[in-house]
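Please work through the exercises below with the sequence and the model open beside you. Each exercise gives a task, and a solution in steps comes after it.

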Amino acid sequence: MNLPAPHEYNRDIMLCKQILQGGRTIAVYKCLIGVAGSIKAAVFLSQLVYWTQRGTDIVGSDGWIHKSVEQMHSETGLSKREQGTCKQKLLESGLIETRYKRYGFGKGRLELRIRLDALAKAVCTVNGAETPDISLADFRQPSNLFFLRYFKERIAYHRDLVDLTGCIHSAIMLSFIMQQCIAKGSMNSNSDRWFVSFNIQGWQKYLFLPYKTQKTARDRLKAHDFIIEKHFFASRRIFTLLNGKAIWSALKNRSRLSKPPENETRQGINPVSTFSEHTDNKRANTEGTFSENTRYRKVNTVVPFWKNIGYKRVNTQVTKGQIHTLQNGKLTGDKTANTQSTKGRILEYINYSEFSKENNYNKDNNVVGVFDGLIYPKTWSQSMQGKSREIFTRLHPEANKEQLQEILDEIAGQTKPITSPLGLLTVLCRKAAIGELICVLAPIVRERRKQQAIWEAERLRAEQQFLQSPDKPDTLVKTSNSEVYQKVKDSMKAALKKAGAKTNW
C-alpha cells in the first residue's frame with residue numbers, strides 16, 4: 001500500500017480525531033478488568049459505576065439501575081449476547097445483583113445494582129490493601145478517597161469505532177493507536193509519519209488484551225485497511241501505522257447516512273458502503289438486497305443456483321456403468337479396458353535423451369538455479385537444507401537467489417540458540433512473501449562473509465609470495481620444518497594485519 005506524504009498522512013489522522021470528538025467516548029477502569037474477568041465485563045461494570053455516581057434518582061432507588069439492552073448497546077457497543085455473558089460473569093463473582101420489578105399485569109423490567117462492599121473488597125484484595133467501609137452516599141462523592149485512589153487509571157475508546165469495526169477490542173486498539181500517534185506527533189515535526197511501536201507484552205500492559213485477542217483485533221483492522229503493520233523480528237516489536245484516509249472516509253460516509261422512510265424500499269441501499277453489517281439484527285445483513293419489505297424474509301433472500309432444485313438427482317444422467325472414458329471417446333465400465341499389456345516392454349519405449357543431464361526438470365521456473373550456491377548456516381545438516389528448499393518453494397516461490405540468501409543470513413546471525421530453525425524459516429518466509437520482513441542481522445552476516453573472503457585471499461597471496469621469494473631455502477631439508485612454518489606464519493600475520501584482521505597467534 002502506497003502511503004501519502006508525511007504531512008498529508010498526519011493530517012488524515014488529525015481529521016479522524018476531529019470527526020470522533022463529536023461522538024461518545026467510553027471509559028473503562030483498569031482496576032475492574034482483573035476483578036471482572038474480561039475487558040468486556042469491565043466495560044459493562046464501568047458503565048454501571050458511571051451511572052451509580054452520576055444518576056439523578058440513584059439514591060432514591062437505593063442504587064438500583066435500569067438499563068435496557070438497546071440503551072446499553074447504544075452507550076457501550078456491547079451486543080445482546082455480550083451483555084448476557086457479562087451479567088452472568090458479574091453475578092457469579094458477586095459484584096452485582098439483579099431484580100425484576102413489576103409495574104402491572106405482564107409488565108416489568110430488569111434492574112441491576114452494584115454490591116459496593118464486594119466491589120471494594122475485590123479491588124483492595126487485588127491491590128493488597130485493607131477493605132474500607134463504603135456506602136452509596138460516600139461512593140457518589142467526587143472527593144471519595146477510595147474512588148480517587150483506585151479508579152484514576154482508565155482505558156478510553158470511541159463508541160463510533162465499535163460500529164465501524166464491529167468489535168470492542170478492535171475499537172479499543174484503534175483508539176489507543178490514534179491517541180498515541182497524536183501524542184507523539186505533537187512533539188515532532190511533520191517530516192516523519194506518526195506510528196506506534198510496541199511488542200506483545202507492551203500491548204498487553206497498556207490495553208490488557210491477551211495475545212490471541214490482540215491478533216484477532218489486529219487482523220480485523222487490517223482486513224478493513226485501517227492499519228498497516230511491519231514486524232521487527234530482532235526486537236520482537238510491531239510497528240503500526242494508521243490509514244487515516246480510510247478511517248475518516250468511512251466515518252464521513254457513515255455520518256451522512258439517514259434512515260429511510262417507512263414507505264421507501266431498501267433496494268437502492270448498498271450494505272457495504274452504509275455499514276449495515278453492524279446492525280443489531282445480523283440476519284438482516286445478507287448479501288442479497290431486499291426487493292420489498294415483506295414480513296416473511298425468506299421470500300426476499302437470494303437463493304444460490306444449487307438450491308433451486310428440490311431433488312439433486314434431477315441434474316444427473318444415467319451412465320449404466322459406463323463411467324470411464326477411453327482416449328478414443330468410447331465409454332467402458334471396466335478399468336482394465338483403459339490399459340494395455342506391456343509384455344515386459346516397459347523400458348523399451350522410454351526415450352531418456354529427452355531428459356537433461358543436469359536433472360533440471362523445471363527450467364521454466366528456474367527452481368534448481370535459484371537454490372544453487374546458497375550458503376546455509378553452519379549447523380544445518382543435509383536433510384535440513386533439503387527441507388529448507390521445500391519451504392522456500394512452498395511459501396515463497398517468487399523469491400530470487402538474493403532474497404533467499406538474505407533469509408538464511410538472518411537465521412545465521414541470531415545470537416541466541418534457536419530451538420526450531422525450520423520453524424523460524426517458515427515464519428520469515430511467510431513475512432517475506434507478503435512484504436513484511438525487515439532483516440537486521442543479514443547485512444552483518446553478509447559483511448562478515450565478504451571480510452572473511454578478503455582475509456582468505458590475502459592469506460593465499462602471502463603464502464604464494466613466500467613460496468616465490470628469493471629468501472626461501474632451496475631445499476626444505478636444510479631448514480627444519482619449524483623454521484619454514486614460522487616464516488609462513490609471520491608472512492600471514494603481516495598480510496592479515498594489513499587487511500585489518502585481529503590475530504591472537
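The exercises that follow concern a predicted model, and they take up a sheet, a strand residue, two loop residues, a cavity and a pocket.

**Exercise 1. The sheet**

Task: Work out the strand order of the open sheet of three strands, and find which helix packs on this sheet.

Solution:
- Step 1. The order of the strands is E5-E7-E6, and the pairing in this open sheet is antiparallel.
- Step 2. The edges are formed by strand E5 (196-199) and strand E6 (227-232), since each of these pairs on one side only.
- Step 3. From one strand to the next, the twist averages 25 degrees.
- Step 4. Helix H10 (residues 168-185) packs on the sheet and touches E5, E6 and E7, and the direction of H10 makes about 125 degrees with that of E5.
- Step 5. Looking at the pairing of E5 with strand E7 (residues 237-242), one finds that four bridges join these antiparallel strands, and that Asn199 has Arg237 in E7 as its bridge partner.

**Exercise 2. A residue in strand E1**

Task: Decide whether Val28 is buried or exposed, and list its contacts beyond its neighbours within four places in sequence.

Solution:
- Step 1. Val28 belongs to strand E1, which covers residues 25-29.
- Step 2. Buried means under 20% relative accessible area; Val28 has 0% relative accessibility and therefore counts as buried.
- Step 3. When neighbours within four places in sequence are left aside, Val28 is in contact with Ile33, Ala42, Val43, Ser46, Glu153, Arg154, Ile155 and Tyr157.
- Step 4. One of these contacts, Ile155, is 127 residues from Val28 in sequence, while the C-alpha atoms of the two are 5.0 Å apart in space.

**Exercise 3. Positive phi in two loops**

Task: Locate Phe208 and Asp225, and state the phi and the accessibility class of Phe208 and of Asp225.

Solution:
- Step 1. Phe208 sits in the loop between helix H11 (200-207) and helix H12 (211-223), and its phi is near 60 degrees, a positive value in a residue other than glycine.
- Step 2. Because its relative accessibility is 35%, Phe208 counts as partly exposed.
- Step 3. Asp225 is placed in the loop between H12 and E6, and, although it is not a glycine, it has a positive phi of about 60 degrees.
- Step 4. With a relative accessibility of 38%, Asp225 also counts as partly exposed.

**Exercise 4. A cavity and a pocket**

Task: Describe the second largest cavity and the second largest pocket by volume, and then by the residues and elements that line the cavity and the pocket.

Solution:
- Step 1. Two cavities of 30 Å³ or more are present in the structure, and the second largest holds about 30 Å³ of space.
- Step 2. The lining of this second largest cavity is made by Pro4, Tyr9, Asp12, Leu242, Asn243, Gly244 and Lys245, with helix H1 (6-20) and helix H13 (244-255) as the elements that give two or more residues.
- Step 3. Sorted by class, the lining of the second largest cavity has three nonpolar, two polar and two charged residues.
- Step 4. The second largest pocket has a volume of about 860 Å³, and of the 30 residues lining this pocket, His231, Phe233, Arg236, Leu424 and Val427 are the closest to its centre.
- Step 5. H12, E6, E7 and helix H17 (421-433) each give two or more residues to the lining of the second largest pocket, and the largest share, six residues, comes from H17.
- Step 6. By class, the lining of the second largest pocket has 13 nonpolar, five polar and 12 charged residues.

Key
Residues are numbered from 1 along each chain as its sequence is written. This is a predicted model: local features need pLDDT of at least 70, side-chain atom pairs count only at pLDDT 80 or more; totals for chains, interfaces and linings use all residues. Side-chain values use heavy atoms; hydrogens and water are left out. On a 1 Å grid over the protein atoms alone, a cavity is a set of points where a 1.4 Å probe fits but cannot get out, and a pocket is an open set with protein on both sides within 12 Å along at least five of seven lines; lining residues have an atom within 4 Å of a point. Grid points are joined across faces, edges and corners, and a volume is the space filled by probe spheres set on the points. Ala, Val, Leu, Ile, Met, Phe, Trp, Tyr, Cys and Pro count as nonpolar, Asp, Glu, Lys and Arg as charged, and the others, Gly among them, as polar. Two strands pair if DSSP finds at least two bridges between them. Axes are lines fitted to C-alpha atoms, for helices over the stretch in contact, and angles run from 0 to 180 degrees between N-to-C directions. Contact means heavy atoms within 4.5 Å. Buried means under 20% relative accessible area, exposed over 50%, partly exposed in between (1.4 Å probe, protein chains only).
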